[in-house]
Amino acid sequence: MMKKTLTLNTNDAHPLINDQKLSALEPRLRAAHQSLLEGTCAGSDFLGWLRWASQDHRQLIRNIREAADKIRAQAQVLVVIGIGGSHLGGQAGLEFVQGVHYNELTSNTKVYFAGHNLSASSWREIIELIGSQDFAINVISKSGTTLEPALAFGFFENILVNRYGRTQADRRICATTDANSGLLHDQAVAHNWMRLVVPDDIGGRYSALTSVGLLPWAVAGIDIEAALAGAQKAQADFLSDLSLNNLTWRYAAARYLLLQAGKNIEALVTYEPRARLFGRWWQQLFGESEGKCERVIFPTTLELTQDLHSLGQYLQQGQKFIFETTLYFDHNPGDELICLDQESSQAWPFLIGKTVDFVQNQARAATQKAHLAGGVPNLQLTISDHSATSLGYLLYFFELSCALSALLLDVNPFDQPGVQAYKTEMMNLLQSSH
Ligand code: PA5
């Protein structure tokens, strides 16, 4: 039998999750799923991601490759500017596939991310990283009016123009934005920049598999067709399966049941630094999709084993409102690495000849056991590897799970009305200081 790309184990959440409780939720899961399929759910104008991966993207891939080739031919550094859904998926995907030290290890164009903060020191660091290297910019904003990326773009565009002159600078900018309107769209048309589109019916946090993520990945040498193929496989596995065998149903239901049992915080646990930002993407997906009433899960992330030496204490003996979802990779680059050989250790004789991977597996099993005893249930998601295909698969799995999970809570998964509050206050302050 072919090995599955993804599995979900809920044994360490028993008896809070059991077959009887899952079956009781089946009619509601079915209704939520049907409403997605039929486009009758809340926020149904933003369902473009649902069948995105199975569309014919040959032209899109050609456009992205063309833009990526142009960027790589003229720049040793690409500065990708965006925030929220216009940032996290791109950087998370890049690190997931290429690792956190991608820029130090690559001979390809380096990719740095900006526009997701208001930190002058971080902008300065990017200027230093660029140094005298040739660079280009990919500015990403669906609305074209978000303050943080607009400021960062203005800043780096200015450097680009000072260095290359207006005409040459224009050849080094790619704008990923709305197809027809918006400030950024209009600027891009006026200056004849390379242009890629964020589809109207796909919201920021569901857009990683559009040009938003695909261009930075292509520049970094990631196989974007494989990423889309992975998502397409997930769509085939999950979209037409209206049963409790569907892993998206089981994950959404598990979250729902744990919340009902008072587990208000979900920590996505990874043992791989390359998946840390993927956790941030997941956090935005669930936090921004569900966080619209008080009785919803707060999503957070833990990077183990380092957090066992800090928050591990809280998990073991603190408040019992947390559950963990461990994202485990079946195969990792370096799985074969041996920790200690005969020569190097007298102190750990039982580990001589063992791989780091073996030790990680024992640490994971031990942690799950200890935390369960401490009242922290655990869900385990196992993905086969860090490939672009697995990335696409996992992105789609979480997107569909998240939509179902929000609909189970009667929450619109696709809007973010609360984000406006800080923007309004900030604009008031900024304008009154004028
Ligand atoms: O998920 C979302 O919709 C948000 O996080 C947006 O992506 C974020 O606010 C950035 O918006 P924009 O792409 O319009 O600049």
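**Ligand site and domains in a predicted model**

This predicted model has a chain divided into domain 1 (6-40 + 228-408) and domain 2 (52-222).

Student: How many residues of domain 1 are in contact with domain 2?
Tutor: Start with the spacing. The C-alpha centres of domain 1 and domain 2 lie 30 Å apart. Contact here means heavy atoms within 4.5 Å. On the domain 2 side, 25 residues take part, and on the domain 1 side the number is 29.

Student: Which pocket is the space taken by the ligand?
Tutor: Look at the surroundings. The ligand has 13 residues around it. As for rank, its space is the largest pocket.

Student: Which residues are the closest to the ligand?
Tutor: The shell holds 13 residues in total. By class, it splits into three charged, nine polar and one nonpolar. The closest are Ser86, Ser141, Ser143, Thr146 and Gln284.

Student: How far is a polar side-chain atom of Thr146 from an oxygen atom of the ligand?
Tutor: The cut-off for a polar contact is 3.5 Å between N or O atoms. Gly85 offers a polar backbone atom at 2.9 Å from a ligand oxygen. Gln284 places a polar side-chain atom 2.7 Å from a ligand oxygen. For the polar side-chain atom of Thr146, the distance is 2.5 Å.

Student: What percentage of the ligand's exposed area does the protein bury?
Tutor: Take the ligand alone as the reference. In that state it exposes 390 Å². Of that area, the protein buries 87%.

Methods
Residues are numbered from 1 along each chain as its sequence is written. This is a predicted model: local features need pLDDT of at least 70, side-chain atom pairs count only at pLDDT 80 or more; totals for chains, interfaces and linings use all residues. Side-chain values use heavy atoms; hydrogens and water are left out. A residue is near a molecule or strand if one of its heavy atoms lies within 4 Å of it. A polar contact is a pair of N or O atoms within 3.5 Å; within protein, one must be able to donate a hydrogen and the other to accept it, and residues adjacent in sequence count only if both atoms are side-chain atoms. Accessible areas come from the Shrake-Rupley method with a 1.4 Å probe; for residues, only the protein chains shown count as cover. On a 1 Å grid over the protein atoms alone, a cavity is a set of points where a 1.4 Å probe fits but cannot get out, and a pocket is an open set with protein on both sides within 12 Å along at least five of seven lines; lining residues have an atom within 4 Å of a point. A molecule sits in a cavity or pocket if more than half of its atoms lie within 2 Å of its grid points. Ala, Val, Leu, Ile, Met, Phe, Trp, Tyr, Cys and Pro count as nonpolar, Asp, Glu, Lys and Arg as charged, and the others, Gly among them, as polar. Domain bounds come from an automatic or database domain assignment.
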